[in-house]
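This report is meant for someone meeting the structure for the first time. It takes up the enclosed spaces, then the packing of helices, and then an open pocket.

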Amino acid sequence: MVHVEPAHLVELALRNTPPTDDDAEALRHVERCDRCRDELRMMTRVVTAARGAELVDLPAAPPERVWQRITQGLSRESASPRPPPSPLGRSAKRKLLVALALAVVAGAVVAGGIARHMLKRNV
């Protein structure tokens, strides 16, 4: 059985373009294949979570005293610690979160490709 390519599953999960005949064929396969259906479901959950993320979902910056202790620990000679990095703006945080989510999806695609390759080698 030929499975849907992981990159195509990512495109289906993102739904950024109008569906094509290839998409319809892939979705027919997904309906019959547990493995591809699970992969598409996982990728769709990651995309949905990334798109629905709010500012409160992001981790808070540590207090200034934490940066001071880190700086003091890294350079014992320096008397004055460096100022903490400036906090990211809302749009920058959202872009970072989307980039991280896409990195997770890309990792899943690579892992799926490696697993598929290993399965083919063992068959």
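How many cavities of 30 Å³ or more does a search of the whole structure find? The model is a predicted one, and the search finds 2 cavities at or above that volume.

The second largest cavity has a volume of about 30 Å³, and the residues that line it are His 3, Val 4, Pro 6, Leu 9, Arg 35, Cys 36, Glu 39 and Gly 112. Two elements, helix 1 and helix 3, give two or more residues to this lining, and helix 3 gives the most, with 3 residues. Sorted by class, the lining of the second largest cavity holds 4 nonpolar, 2 polar and 2 charged residues.

**How the helices pack**

The table sets out the angle and the axis distance for three pairs of helices.

| Pair | Angle between axes | Axis distance |
|---|---|---|
| Helix 1 and helix 2 | about 100° | 11 Å |
| Helix 1 and helix 3 | about 45° | 8 Å |
| Helix 2 and helix 3 | roughly 110° | within 6 Å |

Helix 1 and helix 3, whose axes make an angle of about 45°, are therefore oblique to each other, and helix 1 passes helix 3 in a right-handed crossing. On the side of helix 1, the residues that meet the partner are Pro 6, Leu 9, Val 10, Leu 12, Ala 13 and Leu 14, while helix 3 brings Cys 36, Glu 39, Leu 40, Met 43, Thr 44, Val 47 and Arg 51. This contact of helix 1 with helix 3 divides into 10 nonpolar, 1 polar and 2 charged residues. Pro 6, Leu 9, Cys 36 and Glu 39, which take part in the contact, are also among the residues that line the second largest cavity.

Helix 2, which covers residues 21-32, and helix 3, which covers residues 34-51, cross at roughly 110°, and the two helices are therefore roughly perpendicular to each other. Their crossing is left-handed. Leu 27, His 29, Val 30, Glu 31 and Arg 32 of helix 2 make this contact with Asp 34, Cys 36, Arg 37 and Leu 40 of helix 3, and the residues concerned are 4 nonpolar, 1 polar and 4 charged.

Helix 1 and helix 2 pack at an angle of about 100°, which makes helix 1 roughly perpendicular to helix 2. Here His 8, Leu 9 and Leu 12 of helix 1 touch Asp 22, Asp 23, Ala 26, Leu 27 and Val 30 of helix 2, and by class the contact has 5 nonpolar, 1 polar and 2 charged residues.

**An open pocket**

Which helices each supply at least two residues of the lining of the second largest pocket? They are helix 1, which spans residues 6-14, together with helix 2 and helix 3, and helix 1 gives the most, with 3 residues. About 190 Å³ of space lies in this pocket, and its lining consists of Glu 11, Leu 12, Ala 13, Arg 15, Thr 17, Pro 19, Asp 23, Leu 27, Leu 40 and Thr 44. Of these lining residues, 5 are nonpolar, 2 are polar and 3 are charged.

Several names in the pocket lining recur from the helix contacts. Leu 12, Ala 13, Leu 40 and Thr 44, which are among the lining residues, also belong to the contact of helix 1 with helix 3. Likewise, Leu 27, another of the lining residues, is one of the residues of helix 2 that touch helix 1, and Leu 27 also takes part in the contact of helix 2 with helix 3.

Conventions. Residues are numbered from 1 along each chain as its sequence is written. This is a predicted model: local features need pLDDT of at least 70, side-chain atom pairs count only at pLDDT 80 or more; totals for chains, interfaces and linings use all residues. Side-chain values use heavy atoms; hydrogens and water are left out. Axes are lines fitted to C-alpha atoms, for helices over the stretch in contact, and angles run from 0 to 180 degrees between N-to-C directions. Helices (H or I, at least four residues) and strands (E, at least two) are DSSP runs, numbered from the N terminus. Angles under 35 degrees count as roughly parallel, over 145 as roughly antiparallel, 65 to 115 as roughly perpendicular and the rest as oblique. A crossing is left-handed if the near helix is turned anticlockwise from the far one by less than a right angle, and right-handed if clockwise. Contact means heavy atoms within 4.5 Å. Ala, Val, Leu, Ile, Met, Phe, Trp, Tyr, Cys and Pro count as nonpolar, Asp, Glu, Lys and Arg as charged, and the others, Gly among them, as polar. On a 1 Å grid over the protein atoms alone, a cavity is a set of points where a 1.4 Å probe fits but cannot get out, and a pocket is an open set with protein on both sides within 12 Å along at least five of seven lines; lining residues have an atom within 4 Å of a point. Grid points are joined across faces, edges and corners, and a volume is the space filled by probe spheres set on the points.
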